[in-house]
Amino acid sequence: MASSPDRSIVIVGASLAGAKAAERLRKGDFDGPVVLIGAESELPYERPPLSKDYLLGKAERTAVRVHDEAWYAANDVDLRLGVTVTGIDPEGHTVETDDGERLGFSRLLLTTGSSPRRLDVPGADLDGVHYLRKLPDSDALRDVFGHGGRVVVVGAGWIGLETAAAARERGCEVTVVEPQPAPLRAALGDELGGWFGSVHRAHGVDLRLGTGIARITGEKATTGVVTGDGTEIAADAVVVGVGITPNVELAERAGLSVDNGVLVDARLGTSHPDVYAAGDVANGFLPRYGRHVRVEHWANALNGGPAAARAMLGEDVTYDRIPYFFTDQYDVGMEFSGWFPPGGYDGVVLRGSLDEGAFFSFWLSGGRVVAGMHVNMWDDGVGPVEALIDGGAQIDERRLADPSVPLNELAG
Ligand SMILES: Cc1cc2nc3c(=O)[nH]c(=O)nc-3n(C[C@H](O)[C@H](O)[C@H](O)COP(=O)(O)OP(=O)(O)OC[C@H]3O[C@@H](n4cnc5c(N)ncnc54)[C@H](O)[C@@H]3O)c2cc1C
C-alpha cells in the first residue's frame with residue numbers, strides 16, 4: 001500500500017472515467033478523502049451526445065452529466081473544476097495544481113483522457129475551423145449548424161461522420177473529405193466502411209474519398225478548403241475530426257512508462273505501484289489478447305474507471321473486457337465489439353441485409369470470430385456477438401451467415 005500517511009485518493013481528470021471511479025470508491029466503502037480534479041469548468045459529463053442528441057438540440061446540458069451537482073457533496077467527493085494538475089510526484093505522493101496547491105495522495109488515478117489531433121495545413125487557425133471534444137465545442141457547432149450553410153468535415157472517422165449526420169439533419173450542405181478510399185476504413189474495412197459511406201450519400205452528403213486537405217482558405221474566417229487534388233470546396237465552417245492523442249504529458253514528466261498512452265497492467269496499475277490510469281489515456285494490458293490495447297471509447301471509460309477504483313482499494317482486479325463501441329447516425333444505430341489481431345482479419349461474414357440497413361457483420365481470423373457488429377438489430381443486440389468472441393470456437397461461416405440459425409446456438 002501507499003507509503004504516504006495521507007489516505008487521500010486523488011483522481012486527475014474529471015470526466016467519465018474519473019467520475020465513475022469516484023463513485024465506485026464510495027460504493028466500495030472507502031471513507032478517506034476523494035479529490036476529483038478537472039481542467040474543464042463543467043461538471044463531469046459524457047461526450048457521445050456532443051456529436052449526437054446534444055448537438056442536434058435534442059438533449060439538455062444537464063442530461064449529459066455523469067452525476068448531478070448535489071451528488072458530489074452528498075458523496076463527499078471534493079470536486080475541483082477549472083483546475084489543471086501541472087505536475088505529479090509519484091515518489092513524494094503529491095500533485096501540484098495551477099492554482100498553486102500541492103495535494104498529498106496515497107493512490108493516484110490518471111483519467112486525463114485525450115485531445116483532438118490538430119490539422120497541420122495552412123489556414124488551420126482561421127476562424128470557423130472547429131474541433132469537437134468539449135461541451136463548448138458542441139455549443140459552437142450547434143450554433144453554426146443552426147444557420148444552415150456549407151460545412152466541410154475533414155475526416156470520415158466516427159466523429160466526422162456523426163458530425164456530418166448532425167449537420168445534414170440541421171439542414172446544412174455537407175462535404176466530407178477523407179484521404180482513405182473508404183470511410184471508417186481502419187475501424188471496419190472497405191466493405192462496411194463503404195456501407196456507412198453509402199448511408200451518408202443517401203442523406204445528401206458529398207463524400208470525397210482518396211484525397212486530403214491541402215489548405216484551408218480565407219482571410220480571417222474560412223471560406224473553404226482546397227483538397228490534395230486541387231479541388232476547391234466552399235465552406236462557411238470546417239469541422240476537423242482526424243483522430244485523438246492521449247494526454248500523457250503528466251505521466252511522461254513523472255517518469256511513468258508511456259507508449260501510445262500510459263502503460264498499465266491488467267489491474268490498471270502503471271509502472272509506479274501507487275499510480276493507476278484508466279479511460280482513453282490508458283494503454284491497458286488485456287489478458288485475452290496477451291498485449292496492450294488502447295481503447296478510446298465510452299464503455300472503456302465507463303468500466304475502466306470503476307475497475308481502477310477497485311484495484312486502488314486492494315481488490316483483486318483483472319480488467320479484460322472486450323472493447324465495445326457504439327454510434328448513432330441518422331436512423332442507423334450500431335454497436336461493435338471486438339478487436340482485430342495485429343495481422344488483421346482474414347474474412348468478413350454478413351448476416352442480414354445491407355440494403356435494408358439491418359444486419360450483423362462478423363470479422364474472422366483463423367476461423368474464429370474476433371469482432372462483430374450489429375446495425376439496427378436490437379432484438380439480439382451485441383450480446384451474442386460477445387458470446388461468439390468469448391467462446392472462441394471455430395465457426396461454420398455458412399451457418400453464421402444464415403439468419404435462421406440462432407447466434408446463441410453458434411456461440412454454444
Ligand atoms: C464528440 C464525441 C463523441 C463520442 N461518441 C462516442 C460514441 O458514440 N461511442 C463511444 O464508444 N465513444 C464515443 N466517444 C469517445 C468517448 O467519449 C471517450 O472514450 C471518453 O470520453 C473517454 O473518457 P475519459 O474519462 O477517459 O477521458 P476524457 O473524456 O477525455 O476526459 C478527460 C478529462 O481530463 C481532463 N484533464 C486532462 N488533463 C488534465 C490535467 N492535467 N488536470 C486536470 N484535468 C485534466 C480533461 O480536461 C478532460 O475533462 C466520443 C467522443 C467525443 C469527443
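**Ligand shell.** I looked first at the ligand in this predicted model, and I found 36 residues surrounding the ligand, with Gly13, Ser15, Arg47, Gly113 and Gly279 as the closest. I then noted which elements give two or more residues to this shell, and these are helix H1 (16–27), strand E2 (34–38), helix H7 (298–312) and strand E22 (324–329). Sorting the shell by class, I recorded 17 nonpolar, 14 polar and 5 charged residues. I also looked up the domains, and the shell draws at least three residues from each of domain 1 (9–115 + 245–312) and domain 2 (129–242).

**A hairpin.** Next I turned to strand E4 (residues 85–89) and strand E5 (residues 94–97), which run antiparallel and are joined by 4 bridges. Which residue of E5 is the bridge partner of Ile88? I found that it is Val95. The two strands, E4 and E5, form a hairpin with 4 residues between them, and in the turn I noted His93, which has a positive phi of about 55°.

**An open sheet.** I then followed a sheet of 5 strands, which is open, pairs in parallel and has the order E9-E16-E10-E11-E12. Its edge strands, each pairing on one side only, are strand E9 (129–131) and strand E12 (206–209). On average, direction ignored, neighbouring strands of this sheet are turned by 20° against each other. Within the sheet I checked strand E10 (residues 150–154) and strand E11 (residues 173–178), a parallel pair joined by 5 bridges, where Val154 has Val177 of E11 as its bridge partner. Last, I noted that helix H3 (residues 135–146) packs on the sheet, touching E9 and strand E16 (237–240), and that the direction of H3 makes about 135° with that of E9.

Terms used:
Residues are numbered from 1 along each chain as its sequence is written. This is a predicted model: local features need pLDDT of at least 70, side-chain atom pairs count only at pLDDT 80 or more; totals for chains, interfaces and linings use all residues. A residue is near a molecule or strand if its C-beta atom, placed from the backbone, lies within 6 Å of it. Ala, Val, Leu, Ile, Met, Phe, Trp, Tyr, Cys and Pro count as nonpolar, Asp, Glu, Lys and Arg as charged, and the others, Gly among them, as polar. Domain bounds come from an automatic or database domain assignment. Two strands pair if DSSP finds at least two bridges between them. Axes are lines fitted to C-alpha atoms, for helices over the stretch in contact, and angles run from 0 to 180 degrees between N-to-C directions. Two residues are in contact if their C-beta atoms, placed from the backbone, lie within 7 Å.
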